[in-house]
Amino acid sequence: NDYKISSNQFNFKRDTSSPVPVVAVTGEYWVLAPIGVDASYAASWIYFYQTGGVPKTDASLSWLAYHLKYRHFFSSGPLSPEIVASVGYQIYDFEVDQSDLNFFNNIKYSGIDIALAASYPMTSKIKGVLNVGYQPSIDVEENPVTSGTNPNADGYFTGLTGYFKVSDRAALALGYYYQAYHVNFSGTGTRGVGTTNTEIRDIY
C-alpha cells in the first residue's frame, strides 16, 4: 500500500515496509448462462512508516464489492475464450490507528465501478484472466474531516491472474493486482487553504 499527499502545506508518503497478507472471499452465481452476480470481501492489516513522532503506525484496510455481470463466449467449445462486462459498487475502507491522526486519518471511498474481464483457457485446467475497471465518481468520507469541502475522486484497477483447476470446486490462483485512487480536496480544512491532492495505490 502506497499513499501520497501533496499540498501547499506539506508533502509526505507512506508505504508498507514488507509484504503483508490479504485475506479475501468471493462468491459468484450465474442466474442464466450469460447473466450473473458476484460479491467479494478482502481485508488486510498493515503497519507503515510515516512523518511525525511515531516511526510506525498500524492500519487495517478492506474492500467490499458486488456486481451484475454479463458474459459472452466466442464459441460453443469447452475451451472458448470469454469476455465478462460488469457494473457494480465498491467500497474501500482504510482505518488508521488513533496514534497517527495528525497525519493519517480514516478514509472511505465508495462508488460505482465498471469493469471488463477477458478470460482465455489454455487447457482444461489452466486459464488466464485480465481485469480492468474504472470508478468515474467516488464518494469520499474522512474521519476526522481534515481536507475542507468539495472532494472529487476517481479510481481505476487492473489485474492479471492465472488459474490452475485443482478440482471442480477448487482452483489455485496466482496473479498481480493494481488499484489506484486520485482525490482532490479544495477548501479551508485543517490542512490549510488551497488544493490538496492525494493518491492511494494498492498493489498485491
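This passage walks through the strands, core, surface and salt bridges of a predicted model.

Numbering starts from 1 along each chain as its sequence is written, and because the model is predicted, local features need pLDDT of at least 70 and side-chain atom pairs count only at pLDDT 80 or more, while totals for chains, interfaces and linings use all residues. Side-chain values rest on heavy atoms, with hydrogens and water left out.

The chain is built from strands: there are twelve of them and zero helices. Both kinds of element are DSSP runs numbered from the N terminus, with helices (H or I) needing at least four residues and strands (E) at least two. Of the 204 residues, 36% come out as buried; here buried is under 20% relative accessible area, exposed is over 50%, and partly exposed is in between, using a 1.4 Å probe and protein chains only. The chain exposes about 11,400 Å², and 60% of that comes from carbon and sulfur atoms. Such areas come from the Shrake-Rupley method with a 1.4 Å probe, and for residues only the protein chains shown count as cover. Contacts (heavy atoms within 4.5 Å) often reach a long way along the sequence: among those between residues at least 6 apart, 55% join residues at least 24 apart.

Strand E7 (106-121) turns up again and again. Eight bridges tie E7 to strand E8 (residues 126-135), and the two run antiparallel; strands count as paired if DSSP finds at least two bridges between them. E7 and E8 make a hairpin with four residues between them, and Ala118 sits opposite Leu130 in E8. E7 is also joined to E9 by five bridges, again antiparallel, with Ile107 opposite Glu142 in E9. In a regular strand the side chains alternate between the two faces of the sheet. Strand E9 (residues 139-143) shows this pattern: Val140 and Glu142 point to one face and are buried, whereas Asp139, Glu141 and Asn143 point to the other and are not.

Inside the chain, the largest nonpolar core holds 16 residues, and Leu61, Trp63, Tyr92, Phe94, Tyr109, Tyr181 and Ile200 have the most contacts within it. E4, E5, strand E6 (82-96), E7 and strand E11 (170-187) are the elements that give two or more residues to this core. A core of this kind is a set of buried Ala, Val, Leu, Ile, Met, Phe, Trp, Tyr and Cys residues joined through side-chain atoms within 4.5 Å. Tyr109 gives a feel for the packing: leaving aside neighbours within four places in sequence, its contacts include Tyr92, Ile138, Val140, Tyr181, Val183 and Ile200.

Not every nonpolar side chain is tucked away. Tyr29, Val31, Leu32, Ile35, Val37, Leu68, Tyr70, Val87, Ile112 and Ile114 make up a nonpolar patch on the surface, with about 940 Å² of accessible area together. Patches take residues with over 30% relative accessible area and no salt bridge, joining like charges within 9 Å and nonpolar side chains (Val, Leu, Ile, Met, Phe, Trp, Tyr) within 5 Å. Strands E4 (35-49), E5 (56-73) and E7 each supply at least two of the patch residues. Val37 lies in E4 and counts as partly exposed because its relative accessibility is 34%.

Side chains of opposite charge can pair when their charged atoms come close. Three salt bridges are counted, each being a side-chain nitrogen of Lys or Arg within 4 Å of a carboxyl oxygen of Asp or Glu. Lys69 meets Glu28 at 2.6 Å, N to O; this pair links strand E5 to strand E3 (residues 22-30), 41 residues apart. Lys69 also meets Asp38, at 3.4 Å, N to O, linking E5 to E4 across 31 residues. Both Lys69 and Asp38 are buried, whereas Glu28 is partly exposed at 48% relative accessible area. The remaining bridge joins Asp168 and Lys165, at 3.4 Å, N to O. Asp168 is exposed at 74% relative accessible area, and Lys165 is partly exposed at 34%. Through shared partners, Glu28, Asp38 and Lys69 form one network.

Finally, Thr158 is found in strand E10 (residues 149-167) and is partly exposed, with a relative accessible area of 28%. Thr158 and Tyr177 are 19 residues apart in sequence, but their C-alpha atoms are 5.9 Å apart in space. Leaving aside neighbours within four places in sequence, Thr158 is in contact with Leu130, Asn131, Val132, Tyr176, Tyr177 and Tyr178.
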